[in-house]
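Welcome, and please take a moment with the sequence and the coordinates before reading on. The report below walks through a few regions one at a time.

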Amino acid sequence: MTGPSRSPDGATINFTFDGRPLKARAGDTLAAALLANGIGLVGRSFKYHRPRGIMTAGIEEPNALVTVGEGGRAEPNTRATDVFVYEGLVARSQNRWPSLSFDLGAVFGLFSKALPAGFYYKTFFGPAKLWLVYEWFIRRAAGLGNAPQEADPDRYSQRAAFCDVLVVGGGPAGLQAAVDAADAGKRVILVEQDAELGGSLLRDPHDLGPDWTSTMAARIRDAGGTILMRTTASGYWEHDLVTLVQRITEPGQVPTDGTAQRLWHVRAGKVILATGCIERPIAFAHNDRPGVMLSQAVRTYVRRFGVLPGKRVVIATNNDDAYLTAQTLSDAGAEVVAILDARSALSATASEAQGRFTVHTNAVPKAATGGMHQLKSVKATVSAQDVSYDADLLAVSGGFTPVTHLHMQAGGTLDFSDEAQAFVAAECRQNVETIGSAANPPAALPLALHGDPKTSFVDFQNDVSIADIDLAWAEGYRSVEHLKRYTTLGMATDQGKTSNMAALARLAERQHASIPDAGLTTFRPPYTPVTMGLLAGRNHRDAGAHVRRLALWNQHQAAKPIWQPAGYWMRPRAFPRNGEDLATSARREAQTVRSAVGMTDVSSLAKFEVSGPDAAKFLEMICATSVAKLAIGRGRYTFMLREDGLVFDDGTVWRLDENRYLLTSSTGGADRMATHISYVRQVLHPELRVSAVNVQEHYAGIAVAGPLAKAALSAMIGTEPPRHMSLASATLAGVPVLLLGASYSGERAFEIYVEATHGAPVWAACETALAERGGCTYGLEAMEILRIEKGHVVVSGEVDGRLSPHDLGLAGMLNKAGGYVGEAGLSRPALAAPGRLQLVGLESLGGPIPEGSMLTLEKGVGAQGHVTAAAYRVMSGDPIALALLTDGRSRTGEELIASSPTRNQYVRVRVTAPHFYDPAGERYRD
Amino acid sequence: MMLIPCPHCGPRAQAEFVYERTLDSVVALDAGADDAMNSLFTRTNPRGVDEELWRHTYGCRAWMAVRRHRVTHEIESVQPVGPEALP
Ligand SMILES: [Zn+2]
């Protein structure tokens, strides 16, 4: 590769490589364009920084990895063989420093000794201090491209499709199969990962005529079929679902309509795999040098792209296919120095070629030598004699591996073909068929290694040599799965497409087993790397998680609150005034509730309307407390258990009518509760005459709390509001409302429920009524301080899924008649044994109690529990907390340390009952 | 992604469904403590066909009993569950 090998005519596309302006022809891959510009050195290898060039002409390329594009559009580890040049393409080499030609990593030739197989495992077992030294070195040295720092500016779309026949591969076999299916009236989708249809026809001489490919494509389209170009079938999933990755633009290119790629989910009646074969390299010393190229790739560059990658060429083969490469090179004006055929006897093809070329049998390459950019000579063993050739290109063919990835992802099995020395598709439980050369790979001879194992690479991308496989074997790794993980063989971005068979052959040789007995590793999607943006599709930024807006969102937004996510909802955390910070605002709000009146939005609470003759019976299954004796117009606190007897949610139950109840539970657990209620209804007791409707979003809810709450509400509805734990209907601001006498704050309080679409006037009326009495709105932060002082538990705080009703001090409320979900689980002796965490309160003997801190007997020793929620007494500001403490209820008065070593905070606390405010509930009385 | 034949909606993509639990982990409300704990914590987990409860959560929201091979994902049968499925 000493310079441009084709005339510059027609090279009209401008691109750059490492900043160097270059020209390409339309239709060139980046690899073809680089070769045409005489560039042999394209990248540095992963571990050893060895110079690497272009080895293949397809998606299997392990060496020529580059970063394409700029800014957030940059795509690292792009195969130069799998990107088609476009005007303004910017490509950069990777893993080199300071420059590609002069790389310090390679100057430390010691790498190959420093990073043998299993290096990472061995290092992790070594002294930790040593790892700190290695880490800097490894992070600097090993690696591929860098992920871009900026956000990807492009869009990625997703689409679902259905077809009778999905054909993967647009070569001669795939095109014929697609036409046959289309002619038979089937809905057909044909996918081709290349930018051109034709497959091997683009590379090999054939007698189908020049228009065959376009004629076949037209027949498919005319019959209503779809052909997707630059589209890779990347995954085969259950029930014949295939995911397709469609490149609408090339990597790094600016999309014309904003969309860079599209992910297809195709459910197919049948899948036909015409995926062809991948040619295998040969193992010999320095087989990774620029200038060593796969035989079919050489043909592709000459015939498809008009690029001659070398002028003096040695060909090494174990099969007949490479003779076609010799002829192609010769026709293009290159000198074929010698054909090294590993087979002991001349095949018919080889005999026929002998007149035109120098053909040697029993001939294998032993080493390649050369400079950074090109090959100088090839050393070989010919009938046990050492021979050397001057050559600038070595074309190798170690046989052909059928692309069986999708067949295997579909759950298929493989047969080993002795003739081809390769695995071919056998049975599959899904509706998939393999055709073409993937089903019938060309014959090839088994190949042994000739040359130094240390530089005979098997996995080029991860720098795994024959010596590494031997070392793994010597260290006792016998299974192919262990070999893979120990050496990292086949674990790079190319997933071992060119390497797995050679490694398997070496392992089988060591095991004295046949290749099929040595075993295979699992084929997993994706077939080729998929960019993360495509998988995310539109589910990024704000669309990553759905935000549910409260019915009163506009009213809150006008007050410019601090928002807080709560479950799927955004709820106001505080309503600061005059530049208050969160803490100041929350304390003012909480004090207003204690001393006057406050209002807050409680719309997001879970709400279920349960009705029917069996409504009470049904509720007594869901709730662990008694419901049946609840009078009409009355309500009660309740909690719910999982089947294992532990508390998973709490709320209130209200009897609206003879056979009609309202059940509320926590915001965060709302969806879980909806599923639980449906489960009990549909699965456990479908015979009940009951309806349980989720009315969470039907109602907006406003809580009005404080010593002036009753007066404010009386004024608004013009009548006496309901007593504590009673309900009433009323009209407020001209809107019908349901009033519940319920309190979470510890003050006399009401929950006002109104149809969600009519919430605004009710909220406005409450604001006005409160303003007249010195009241204010309050957010979640004030609510949290108020409930901690009152000692009310909260789901996901104290109710953490590990506690029984007894642990939470709720055992006295359990329904003695039983029959509720969790009753059996609750009877487990372990739940009654000593040593369990119990809910307690804490008073500080020092400063604020660190939330989430451990409770210890002494500083740093004797863990006893942890702080679940910390606050302060609303009026005095004295720090208090709720906590879970081992056998806590019997430890009142004990002093402990609330320890947070990560924050270096240690505070002495005293254990109290978990009620700091009005424990007798006198403030609820009218 | 599997194709699950909902008894009410026909064949639909797995993404519309939620796997809930195996049928043998359903605990009757009157089960004794030992039976309940066995159902919850010591199940068979066969490498073969199992009976499972699925829910068409992003479709008709109905529950169903699915007989599915846990290795091949072959679905032998799907039966409706709930009041409508009562004899
Ligand atoms: Zn359905």
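How many positive and how many negative side chains does chain B have, and how far apart do the centres of the two sets lie? Chain B carries 9 positive and 12 negative side chains, with 7 Å between the centres of the two sets. Please keep in mind throughout that this is a predicted model.

## Chain B at a glance

Let us stay with chain B for a moment. Its secondary structure consists of one helix and six strands, and the order of these elements from the N terminus is β-β-β-α-β-β-β. Along the principal axes, the C-alpha atoms of chain B fill a box of roughly 40 × 30 × 20 Å.

Of the 87 residues in chain B, 38% are buried. The accessible surface of this chain is about 4,700 Å², and carbon and sulfur atoms contribute 49% of that surface. Among the contacts in chain B with a separation of 6 or more, 46% are between residues 24 or more positions apart.

## The hairpin at the start of chain B

Strand β1 (residues 3–6) of chain B and strand β2 (residues 10–13) of chain B are antiparallel and share four bridges. Together, β1(B) and β2(B) make a hairpin, with three residues between them. One bridge to look for matches B:Pro5 with B:Pro11 in β2(B).

The two faces of β1(B) are worth colouring separately in your viewer. B:Ile4 and B:Cys6 belong to the covered face, while B:Leu3 and B:Pro5 belong to the uncovered one.

## The open sheet of chain B

Further along, chain B has an open sheet of four strands in the order β3-β4-β5-β6, with antiparallel pairing. Its edges are β3 (18–22) and β6 (75–80) of chain B, each of which pairs on one side only. On average, neighbouring strands of this sheet are turned by 30 degrees against each other, direction ignored.

Inside this sheet, seven bridges link strand β4 (residues 49–55) of chain B with strand β5 (residues 63–69) of chain B in the antiparallel sense. B:Asp50 has B:Arg68 in β5(B) as its bridge partner. Chain A comes in here too: helix α20 (residues 670–684) of chain A lies across β3, β4 and β5 of chain B, and runs at about 85 degrees to β5(B).

## A strand of chain A with both faces covered

Moving over to chain A, which residues of strand β5 (residues 65–68) are buried on one side and on the other? A:Leu65 and A:Thr67 are buried on one side, and A:Val66 and A:Val68 are buried on the other, so to speak a strand with both faces covered.

β5(A) has antiparallel partners in two strands described here. With strand β6 (residues 75–79) of chain A it shares three bridges, and A:Leu65 stands opposite A:Arg79 in β6(A). β5(A) and β6(A) form a hairpin with six residues between them, and A:Gly69 in the turn has a positive phi of about 90 degrees. Three bridges also join β5(A) to strand β7 (residues 89–93) of chain A, where A:Ser93 is the bridge partner of A:Val66.

## Two buried residues of chain A

A:Leu739 sits in strand β39 of chain A. Why does A:Leu739 count as buried? It is buried because its relative accessible area is 0%, and the cut-off for that term is under 20%. Its contacts beyond four places in sequence include A:Leu713, A:Ile717, A:Glu751 and A:Ile752. The C-alpha atoms of A:Leu739 and A:Glu751 are 5.8 Å apart, with the two residues 12 apart along the chain.

A:Ser743 is found in the loop between β39 (735–740) and β40 (749–755) of chain A. A:Ser743 counts as buried because its relative accessibility is 15%. Outside its neighbours within four places in sequence, A:Ser743 touches A:His724, A:Ala749, A:His792 and A:Tyr924.

## The barrel of chain A

Six strands of chain A form a closed barrel, β42-β45-β44-β43-β46-β47, with antiparallel pairing. From one strand to the next, the twist averages 45 degrees. Helix α23 (residues 780–790) of chain A packs on the sheet and touches β44 (861–872) and β45 of chain A, its direction making about 125 degrees with that of β44(A).

Within the barrel, strand β42 (residues 837–844) and strand β45 (residues 879–886) of chain A run antiparallel and are joined by seven bridges. A:Val840 has A:Ala883 in β45(A) as its bridge partner.

Notes: Residues are numbered from 1 along each chain as its sequence is written. Chains are lettered from A and ligands numbered from 1 in the order in which they are written. This is a predicted model: local features need pLDDT of at least 70, side-chain atom pairs count only at pLDDT 80 or more; totals for chains, interfaces and linings use all residues. Side-chain values use heavy atoms; hydrogens and water are left out. Two strands pair if DSSP finds at least two bridges between them. Axes are lines fitted to C-alpha atoms, for helices over the stretch in contact, and angles run from 0 to 180 degrees between N-to-C directions. Contact means heavy atoms within 4.5 Å. Buried means under 20% relative accessible area, exposed over 50%, partly exposed in between (1.4 Å probe, protein chains only). Accessible areas come from the Shrake-Rupley method with a 1.4 Å probe; for residues, only the protein chains shown count as cover. Lys and Arg count as positive and Asp and Glu as negative; His and the chain ends are not counted. The place of a charge is taken as NZ of Lys, CZ of Arg, CG of Asp or CD of Glu.
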